[in-house]
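Visitor: Please take me through one part of this model in detail. I would like the nonpolar core, and then what lies around it.

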Amino acid sequence: MAREFQRGHKAKVSDLTSGTDLYVGVQIAGPGLTFDISCFGLDADEQLSDDRYFIFFNQPKSPEESIQLLGAQAGDTESFRVTLDRIPANIHKLSFTATLDGAGQMSQVGPGYIRIVAGGEEVVKYAFTGSEFTTERAVMLGDFYLKDVWRFAAVGQGFDGGLDALLKNFGGEVAEEAPAAPSQDAPPAFAPPSQASAPPAFGAPAAPQAPQPAPAFGAPSAPAPAPQQPPVHAAPTIAAPMAPQAPAPYGQPPQQPQFGQIPGQGAPPAAPPYGQQPPAAPPYGQQPPVPFGQQPPGLPHGVPQGVPAAGAGLQAALQPYKEAATGQRWTSQNQQLMRVDLTMGGMPVLARQGSMVMYQGKVDFGYKGAGFAGRMVGNATGQEMQLMRCTGRGQVFLAEEGAHLHPIELQGDGICVSAENVLAFDESLQYEVRRIEGHGIPGGALFTMHFQGTGTVVVKTHGVPVVLPVTPTTFADCNAVVAWSSASQVIVSSQVRLRRNAYPGHSGETVNLQFRGAPGNFVVVQPYEV
């Protein structure tokens, strides 16, 4: 099973795998962005003393082929083959980097990773997102470094300049015009092994076989293409609705449809007598007039006019407000009422005290205390939630002061929500108070609740909210913002300025929140200020 690394994690390669012929894959992408992914072979002083160990698109391999550029495959933007036991003694570090080719910055990239695969099996992976960077144009992703033995480190460090600046940082020289050298020996193309016991041939002499060989080099297999759907008709089939045919008078044979008439439909209206105008069509949405003493068409005999077509009585009046049971754990009954089925999922629900308006079945409601430390944090940050614990087997209906309710399902991801806007959530979710740094507001910080895990959190808003994508120019009033993605970077922005006027007045918009993050991040704002 692959080990998940965080930034700064280090480990011996021998603790990850017994193999030394490794596959290194890098995945990085962003809308409208182009990347150059390279490997720097550095000496003991972390300098590029030998330009032949700068592996990039114009130099795809080292002299002894211990480092080879393989190209995009198996879902990776770029991949390398690294044979650690063939690297020369003067090379002490291999630094894998990604740089932008053209306009852009690293904060615009989506989720990416660098991973190591041995024998076709992933052994370690370091994932990153653009929210970890700001205006950098390059990032050092991971290193193989020699410290008595080969080790691997997840770096994730941004670099302000591009590829040229990174090359100068490592002691290399940037040529003014470097023509592409013709490749005499093309790098070997990646191919999966034909048999589990035989490694693929890469053109290099095979190492002597040990009694129990280490994992052979192999990249992960590419995902299988989706099966093609069978062709369907290009034009849809149109079927006219069949109108009920009135029975023929007693003793007379049924009427046969006329030429061009659809069976089941009535005959076209007869033409008016000569010299008379046809009756005018009724206004749109109104029924045609019915002669006095006759029953309107389609209405059962004996039912007075003006009764809804759905039927008369109390049941017809209450039908639009019937309980909606969709078979899911959380179901919106309308914009202001939420239903949770405790029999599904088998886990309790934490809800705001007093938010239950009705329940069915055997349900127990208990006080959910936050403890002394939780109360202290809640009182100090304003993020205290008075909760009750709902357990048992039944359905609970939740609401609060007619607020609009929105269930948000989390699948291992996270969201930041103000405690004031939380109505209920699954007990399986982890939550904590998160601080927003800033010095433009009293106390120097704002606070919010951070929910993460697998489950549902119900967010309440005043009115219908709007969801905006996060860009470097996205600002929101801290009194109107409801929630945002946990990967977004939040910065307090202040517009307090000195003026010559002794009584300049107040705009009411002196403190805002600025949101930054990679594509896919969002912020939710309600049309109301608390």
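Guide: Here is a walk through the core, followed by the surface and the loops.

This is a predicted model. Some context comes first. The chain has 530 residues, and 38% of them are buried. Its secondary structure amounts to four helices and 27 strands. Take the contacts between residues at least 6 apart in sequence: 70% of these join residues at least 24 apart.

Now the core itself. The largest nonpolar core holds 41 residues. Five of its members touch the most other members: Ile 28, Phe 80, Leu 94, Phe 96 and Phe 144. A separate, second core has 17 residues, among them Phe 425, Val 459, Val 482 and Ala 483. As a general point, nonpolar side chains in soluble globular proteins tend to be buried together.

Start at Leu 94. Set aside its neighbours within four places in sequence. Leu 94 then contacts Cys 39, Phe 40 and Gly 41, and also Ile 67, Val 82 and Ile 87. Its list of contacts ends with Gly 142, Asp 143 and Phe 144. Phe 144 is another of the residues that touch the most other core members.

Follow the contact to Val 82. This residue sits in strand β7, which spans residues 78–83. Val 82 has 0% relative accessibility, so it counts as buried, the limit being under 20%. Not counting residues up to four places away in sequence, Val 82 touches Thr 20, Asp 21, Leu 22 and Val 24. It also touches Ser 66, Ile 87, Leu 94 and Phe 96. Look at Ser 66 in that list. Ser 66 and Val 82 are 16 residues apart along the chain, and their C-alpha atoms are separated by 5.7 Å.

Cys 39, another contact of Leu 94, is buried because its relative accessibility is 0%. Cys 416 is also buried, again at 0%. What about disulfides? The whole structure has zero of them.

Strand β3 adds a polar example. It covers residues 21–27, and Gln 27 lies in it. Gln 27 has a relative accessible area of 18%; the limit for buried is under 20%, so Gln 27 is buried. Beyond four places in sequence, Gln 27 is in contact with Gly 75, Asp 76 and Thr 77. Its other contacts are Pro 111, Gly 112, Tyr 113 and Phe 128.

Now turn to the surface. The chain exposes about 31,900 Å², with 55% of that supplied by carbon and sulfur atoms. One nonpolar patch on the surface is formed by Leu 314, Leu 318 and Tyr 321. Together they have about 390 Å² of accessible area. Tyr 321 belongs to the loop between α3 (314–318) and β13 (330–334). Its relative accessible area is 68%, so Tyr 321 counts as exposed.

Finish with two loop residues whose backbone stands out. Glu 46 is not a glycine, yet its phi is positive, about 60°. Glu 46 is in the loop between β4 (35–42) and β5 (54–55). Its relative accessible area is 42%, so Glu 46 is partly exposed. Asp 148 also has a positive phi, near 65°. Its loop runs between β11 (138–147) and β12 (149–159). Asp 148 is exposed, because its relative accessible area is 66%.

How values were computed
Residues are numbered from 1 along each chain as its sequence is written. This is a predicted model: local features need pLDDT of at least 70, side-chain atom pairs count only at pLDDT 80 or more; totals for chains, interfaces and linings use all residues. Side-chain values use heavy atoms; hydrogens and water are left out. A disulfide is a pair of cysteine sulfur atoms within 2.5 Å. Buried means under 20% relative accessible area, exposed over 50%, partly exposed in between (1.4 Å probe, protein chains only). A nonpolar core is a set of buried Ala, Val, Leu, Ile, Met, Phe, Trp, Tyr and Cys residues joined through side-chain atoms within 4.5 Å. Contact means heavy atoms within 4.5 Å. Patches are made of residues with over 30% relative accessible area and no salt bridge: like charges are joined within 9 Å, nonpolar side chains (Val, Leu, Ile, Met, Phe, Trp, Tyr) within 5 Å. Accessible areas come from the Shrake-Rupley method with a 1.4 Å probe; for residues, only the protein chains shown count as cover. A salt bridge is a side-chain nitrogen of Lys or Arg within 4 Å of a carboxyl oxygen of Asp or Glu.
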